Amino acid sequence: MTRAFDDCTNTVAKLMNFVLAFERRQRVLRAKAAGVVATQDLLDLDMALIAFLAREETADRPSIRGLYDFSEVAAIAVPQSKVAERGSRSAIVRGQRVMVQSRTLACDLVETFVQSQRLAGDNLLAVVDSLDQAHALLGLNAPHFEAVG
């Protein structure tokens with residue numbers, strides 16, 4: 001049974017990934033997720049965002065905005081309490097942020113996160129149903145995202 005559990009765990013880990021990309025002209029950082037999102041994935045994303053912003057964010061330029069594309073997420077394996085806890089903290093990306101919901105997953109966790117953000121005084125996060133809607137909200141016209149390594 002342990003081997004089967006380990007195989008399942010490894011498969012889940014391989015299914016999940018975040019890919020960061022940056023649109024320099026319009027200063028939008030995209031985090032695209034696919035597969036199964038787990039608590040550690042979100043912690044890793046936070047660390048990657050902090051590292052990126054430390055390199056790219058400067059006081060003399062407009063704030064970097066965020067696009068979180070969860071459209072290809074199949075499942076979220078994060079406890080509701082962790083989602084609420086993270087939502088109650090300050091956003092890492094301080095500019096406008098747009099989250100694209102999963103196409104296949106109806107999830108109370110997104111609503112919990114958004115409500116926690118709003119209770120914390122952060123009204124810059126919008127949730128939409130498609131990438132086209134996200135691009136429209138961010139004013140992106142023919143964006144050219146470059147991978148962030």
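**A friendly tour of helix H2 and its aromatic neighbours**

Visitor: Is Phe 70 buried or exposed?
Guide: This is a predicted model, where local features need pLDDT of at least 70, side-chain atom pairs count only at pLDDT 80 or more, and totals for chains, interfaces and linings use all residues. Residues are numbered from 1 along each chain as its sequence is written, and side-chain values use heavy atoms, leaving out hydrogens and water. Buried means under 20% relative accessible area, exposed over 50% and partly exposed in between, with a 1.4 Å probe and protein chains only. Phe 70 has 11% relative accessibility, so Phe 70 counts as buried.

Visitor: Which residue of helix H2 forms an aromatic pair with Phe 22?
Guide: Rings of Phe, Tyr and Trp (its six-membered ring) pair if their centres lie within 6.5 Å; planes under 30 degrees apart count as stacked, over 60 as edge-to-face and the rest as tilted. Here the centres are 4.9 Å apart with 65° between the planes, making the pair edge-to-face. Phe 22 lies in strand S1, so the pair ties together parts 30 residues apart in sequence, and its partner in helix H2 is Phe 52.

Visitor: How many degrees around the axis do the buried residues of H2 cover?
Guide: Helices (H or I, at least four residues) and strands (E, at least two) are DSSP runs, numbered from the N terminus. In H2, the buried residues are Asp 41, Leu 45, Asp 46, Leu 49, Phe 52, Leu 53 and Glu 56. They lie on the same side of H2 because their arc, taken from the directions from the helix axis to the C-beta atoms, is only 140°.
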